[in-house]
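Student: I'd like to learn how to read a protein–DNA model from its computed features. Can we go through one together?

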There are 2 protein chains.
Amino acid sequence: MVTPNQLAEVAAAIGEPARAAMLVALMDGRALTAGELAEVAAVTPQTASGHLAKMVAAHLIVGEKQGRHRYHRLAGADVAVLIESMMRIGGGGPALRKPLRVGPRDAALRAARTCYDHLAGQLGVRISDALVAMGAVEIEGDNGLVTRRGLELMAEVGIALPVHPRPRAPRPLCRPCLDWSERRPHIAGQLGAALCAHAFERAWVRRIGGSRALEVTPHGKTALREAFGIRTDG
Amino acid sequence: MVTPNQLAEVAAAIGEPARAAMLVALMDGRALTAGELAEVAAVTPQTASGHLAKMVAAHLIVGEKQGRHRYHRLAGADVAVLIESMMRIGGGGPALRKPLRVGPRDAALRAARTCYDHLAGQLGVRISDALVAMGAVEIEGDNGLVTRRGLELMAEVGIALPVHPRPRAPRPLCRPCLDWSERRPHIAGQLGAALCAHAFERAWVRRIGGSRALEVTPHGKTALREAFGIRTDG
DNA sequence: GTGATCCTTCGCTTCGCACCGAACCATCCC
DNA sequence: GGGATGGTTCGGTGCGAAGCGAAGGATCAC
């Protein structure tokens with residue numbers, strides 16, 4: 001039998017403006033402190049503490065204590081895609097009224113953004129397409145895998161991946177994630193996270209105004225073309 | 001800029017036990033009257049009326065007046081997959097604790113069920129695979145299309161589809177829908193709905209105890225093998 | 001027409017919970 | 001040690017919403 005009450009609990013944990021604001025702030029995959037989350041939600045620290053406890057109990061976020069700070073992040077990519085699909089229903093209007101014009105209206109968000117811990121938007125999809133075309137990864141339906149050639153390529157570029165990629169690992173090496181705006185898969189999983197981290201470390205991309213939107217740096221344009229043959233102008 | 005408040009509105013519209021129960025009852029794609037929904041939610045009709053109005057305002061369901069009855073159904077397949085993914089988070093526990101064992105625990109639900117208005121579960125995925133193998137449909141990422149050969153095949157089997165399948169129609173002819181338990185795409189859209197309706201009309205399948213779970217009838221096993229070459233025993 | 005059924009609107013009560021002030025732990029810095 | 005900073009716990013207040021009873025359309029059956 002299914003569970004209507006559990007459904008209500010999860011939804012109720014999201015359905016409050018302050019908590020929703022916190023979740024949106026966590027959508028980029030970063031871990032934020034309780035105080036920072038209190039600020040983005042415009043509530044006092046003690047109120048935020050209660051909200052965070054509720055969301056942890058609902059398995060939406062996880063908290064980790066570090067010194068006198070407590071960092072919170074989304075419990076998983078599942079939560080991120082859940083929230084994105086909810087925003088699509090709420091923002092884009094009903095599917096029956098306006099079937100077109102899905103995705104964020106902000107052009108910058110459509111061009112490039114982070115989705116949980118990996119790259120999304122046109123940039124994410126282009127990288128994904130390029131890796132498929134190069135035979136580095138294979139994507140079929142809901143499953144994805146990194147080929148031997150892909151492992152070599154990542155090593156060349158300098159992206160570290162686990163040496164023994166076990167199947168059925170706690171976190172898959174490569175997993176397709178449906179892109180919100182492009183409606184096509186981009187690469188998530190450990191490979192997606194590693195690519196994203198690498199892009200930040202080498203300053204291929206940087207956040208626009210601390211948001212989820214990204215811009216590709218001039219140096220990044222060159223590096224992306226050399227590494228994966230991707231054109232990012234246009 | 002993104003919209004935390006719209007997110008909260010949608011979630012709040014789901015996050016109440018009575019409303020969640022109604023949505024779960026509508027998950028099979030049928031349209032239920034306000035009175036029936038009041039019963040499944042265990043509230044009085046006047047309370048249910050208020051709940052239904054809220055969910056209509058949140059674009060989760062749509063209401064249609066017929067005589068003195070008012071039928072309500074989910075606003076779209078988007079809503080159905082949203083609710084399924086929410087139940088996955090709430091029911092299966094956090095993704096970090098038990099990464100395996102996704103999908104409904106009920107074996108019958110895994111085998112065959114309805115998802116909104118089309119077939120899902122092993123049965124749905126097998127039909128989808130068979131149609132792809134026969135060249136009747138093509139699925140690529142988030143897009144799907146019915147080939148000329150597929151139209152011929154449907155005509156042979158006796159499944160009616162719109163004669164002029166316009167691209168960008170208000171509802172796509174064929175759309176892949178990620179299967180909850182199988183984690184692979186099955187066929188939704190108008191073709192998926194037509195297939196499901198046909199399977200019910202010809203008594204290929206029937207509901208188990210009025211739930212979303214389906215069983216394939218002996219006659220259905222034969223018909224599915226003849227029409228699409230699908231084995232349903234095992 | 002009259003009665004019955006289905007649904008909605010109105011008024012009211014009650015309960016939950018978001019919010020903050022104050023006080024209380026934990027940790028870091030000096 | 002003392003002080004400062006980040007978080008949490010504890011009461012208490014107030015708003016909002018879920019719930020039902022009663023009354024009011026709307027539609028069908030006769």
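**Reading the contacts and cavities**

Tutor: Let's start with one contact: a side-chain N or O atom of S49(A) sits 2.9 Å from a phosphate oxygen of DNA strand D. A polar contact here is a pair of N or O atoms within 3.5 Å; within protein, one must be able to donate a hydrogen and the other to accept it, and residues adjacent in sequence count only if both atoms are side-chain atoms. Keep in mind that this is a predicted model, where local features need pLDDT of at least 70, side-chain atom pairs count only at pLDDT 80 or more, and totals for chains, interfaces and linings use all residues. Residues are numbered from 1 along each chain as its sequence is written, chains are lettered from A and ligands numbered from 1 in the order in which they are written, and side-chain values use heavy atoms, with hydrogens and water left out.

Student: Which backbone atoms lie by a phosphate oxygen of DNA strand D?

Tutor: A backbone N or O atom of A34(A) is 3.4 Å from a phosphate oxygen of strand D, and for G35(A) the distance is 3.1 Å.

Student: Which residues come nearest to DNA strand D?

Tutor: A residue is near a strand if one of its heavy atoms lies within 4 Å of it. There are 20 residues around strand D, and S49(A), T44(B), Q46(B), H51(B) and K54(B) come nearest. On the DNA side, sugar and phosphate make up 74% of the strand D atoms within 4 Å of the protein.

Student: Which element gives the largest share of the surface near DNA strand D?

Tutor: Elements are DSSP runs numbered from the N terminus: helices (H or I, at least four residues) and strands (E, at least two). Here α4(B) gives the largest share, four residues. As for residue classes, Ala, Val, Leu, Ile, Met, Phe, Trp, Tyr, Cys and Pro count as nonpolar, Asp, Glu, Lys and Arg as charged, and the others, Gly among them, as polar. That surface divides into three nonpolar, ten polar and seven charged residues.

Student: What about DNA strand C: which residues come nearest there?

Tutor: Of the 20 residues around strand C, the nearest are T44(A), Q46(A), H51(A), G35(B) and S49(B). α4(A) contributes the most to the surface near strand C, with four residues. Of the strand C atoms within 4 Å of the protein, 72% belong to sugar or phosphate and the rest to bases.

Student: Which side chains make polar contacts with strand C?

Tutor: Among them is T47(A), with a side-chain N or O atom 3.2 Å from a phosphate oxygen. E16(A) has one 3.4 Å from a sugar or linking oxygen, while R68(B) has one 3.3 Å from a base oxygen.

Student: Let's leave the DNA. Is V216(B) buried or exposed?

Tutor: The scale uses relative accessible area: buried means under 20%, exposed over 50%, partly exposed in between (1.4 Å probe, protein chains only). V216(B) counts as buried because its relative accessibility is 17%. V216(B) belongs to strand β11 (residues 214–216) of chain B.

Student: What does V216(B) touch?

Tutor: Contact means heavy atoms within 4.5 Å. Leaving aside neighbours within four places in sequence, V216(B) is in contact with L123(B), W204(B), V205(B), K221(B), L224(B) and T232(B). V205(B) is eleven residues away in sequence, with a C-alpha to C-alpha distance of 4.4 Å.
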